[in-house]
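This report examines side-chain interactions in one protein chain. It takes up charged residues, aromatic rings and polar contacts in turn.

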Amino acid sequence: MTTIVQYILVRGDLLLKEGWPVGAVIAQACHAATAVIHLNYQDETTQKYLGDLDNMHKVVLEVPTEGDLLKTAEKLKENDICHKLWIEQPENYATCLAVKPYQKDQVQKFFKKYKLYKGPELVKSS
């Protein structure tokens with residue numbers, strides 16, 4: 001049995017191209033993660049994940065654009081992977097998605113092409 005993990009995908013363009021504050025971007029990931037847990041609360045794997053709060057594993061990855069996020073959501077849907085695509089209102093566009101907790105080996109293949117979310121590289125003055 002592998003580790004139970006929750007994957008979260010966040011759009012990388014929200015900070016620099018869209019001008020969102022860091023806190024707003026973090027809130028999007030929190031909304032999606034909370035919503036998918038709520039929607040799958042009775043799921044056995046979700047309950048195991050929640051039963052060990054001090055050892056939860058989340059992996060937050062970056063997708064470049066809304067289009068990439070939507071393509072990934074469609075792929076997850078085609079493969080019956082439970083997830084929540086977060087649509088921010090009133091803007092009405094997708095900002096992130098979170099999958100319910102799964103055994104890592106069940107879902108890792110859908111996320112291998114993405115890198116850990118690090119936010120934008122900031123230029124440091126000397």
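A salt bridge is taken here as a side-chain nitrogen of Lys or Arg within 4 Å of a carboxyl oxygen of Asp or Glu. In this predicted model, Glu88 is buried but has no salt bridge. The nearest side chain of opposite charge belongs to Arg11 and is 10 Å away, and because the cut-off is 4 Å, no salt bridge is counted between Glu88 and Arg11. Glu88 is part of strand 3, which covers residues 83–88. Leaving out residues up to four places away in sequence, Glu88 touches Trp20, Gln28, Tyr93 and Thr95.

**Confidence**

The mean pLDDT of the protein chain is 93, and 94% of the residues score at least 70. Among the elements of the chain, the lowest mean pLDDT, 89, belongs to helix 1 (residues 13–16), and the highest, 98, to strand 5 (residues 102–103).

**Salt bridges**

The count comes to four salt bridges. Three of the pairs are listed below with their N to O distances.

| Pair | Distance |
|---|---|
| Glu18 and Arg11 | 4.0 Å |
| Asp43 and Lys100 | 2.9 Å |
| Glu44 and Lys48 | 3.5 Å |

Arg11, the residue named above in connection with Glu88, is linked with Asp13 and Glu18 in a network of salt bridges. Arg11 counts as buried because its relative accessibility is 2%, whereas Glu18 is partly exposed, with a relative accessible area of 41%.

Asp43 is located in the loop between helix 2 and helix 3, and Lys100 in the loop between strand 4 and strand 5. Their salt bridge therefore ties together parts of the chain that are 57 residues apart in sequence. Asp43 is partly exposed at a relative accessible area of 25%, while Lys100 is buried at 5%.

Glu44 and Lys48 both belong to helix 3; they are four residues apart, so about one helical turn separates them. Glu44 is exposed, with a relative accessibility of 56%, and Lys48 is partly exposed, at 43%.

**Aromatic pairs**

A pair of aromatic rings is described by the distance of the centres and the angle of the planes. Two aromatic pairs are counted in the model. In one of them, the ring centres of Tyr7 and Phe111 are 4.4 Å apart and the planes meet at 15 degrees, so the pair is stacked. This pair links distant parts of the chain, 104 residues apart: Tyr7 is in strand 1 (residues 4–11), and Phe111 is in the loop between helix 5 (104–107) and strand 6 (115–116). Tyr7 is buried at a relative accessible area of 4%, and Phe111 is buried at 3%.

Trp20 and Tyr93 form a tilted aromatic pair, with 6.2 Å from centre to centre and 50 degrees between the planes. Trp20 lies in the loop between helix 1 and helix 2 (22–39) and Tyr93 in strand 4 (residues 93–99), so this pair ties together parts that are 73 residues apart in sequence. Both Trp20 and Tyr93 are buried, and both are among the residues that Glu88 touches.

**Polar contacts of Lys58**

Which residues have side chains that make a polar contact with the side chain of Lys58? One is Tyr49, at 2.9 Å; another is Gln6, at 3.3 Å.

Tyr49 lies in helix 3 (residues 44–50) and counts as buried because its relative accessibility is 4%. Apart from neighbours within four places in sequence, Tyr49 is in contact with Ile4, Gln6, Ile37, Met56, His57, Lys58 and Pro101. The C-alpha atom of Tyr49 is 9.7 Å from that of Lys100, although the two residues are 51 residues apart along the chain. Lys100 is also the partner of Asp43 in the salt bridge of 2.9 Å.

Gln6 has its place in strand 1. At a relative accessibility of 1%, Gln6 counts as buried. Not counting residues up to four places away in sequence, Gln6 touches Ala33, Val36, Ile37, Tyr49, His57, Lys58, Val59, Ala98, Val99 and Pro101. Tyr49 is thus in contact with Gln6, and the side chains of both make a polar contact with that of Lys58.

Notes: Residues numbered from 1 in each chain as written. Predicted model: local features only at pLDDT ≥ 70, side-chain atom pairs only at ≥ 80, totals over all residues. Heavy atoms only, no water. Helix = DSSP H or I, 4+ residues; strand = E, 2+ residues; numbered from the N terminus. Buried < 20%, exposed > 50% of the residue type's maximum accessible area, 1.4 Å probe, protein only. Contact = heavy atoms within 4.5 Å. Polar contact = N/O pair within 3.5 Å; in protein donor to acceptor, adjacent residues only side chain to side chain. pLDDT = per-residue confidence, 0-100. Lys, Arg positive; Asp, Glu negative; His and termini not counted. Phe/Tyr/Trp six-rings, centres within 6.5 Å; stacked < 30°, edge-to-face > 60°.
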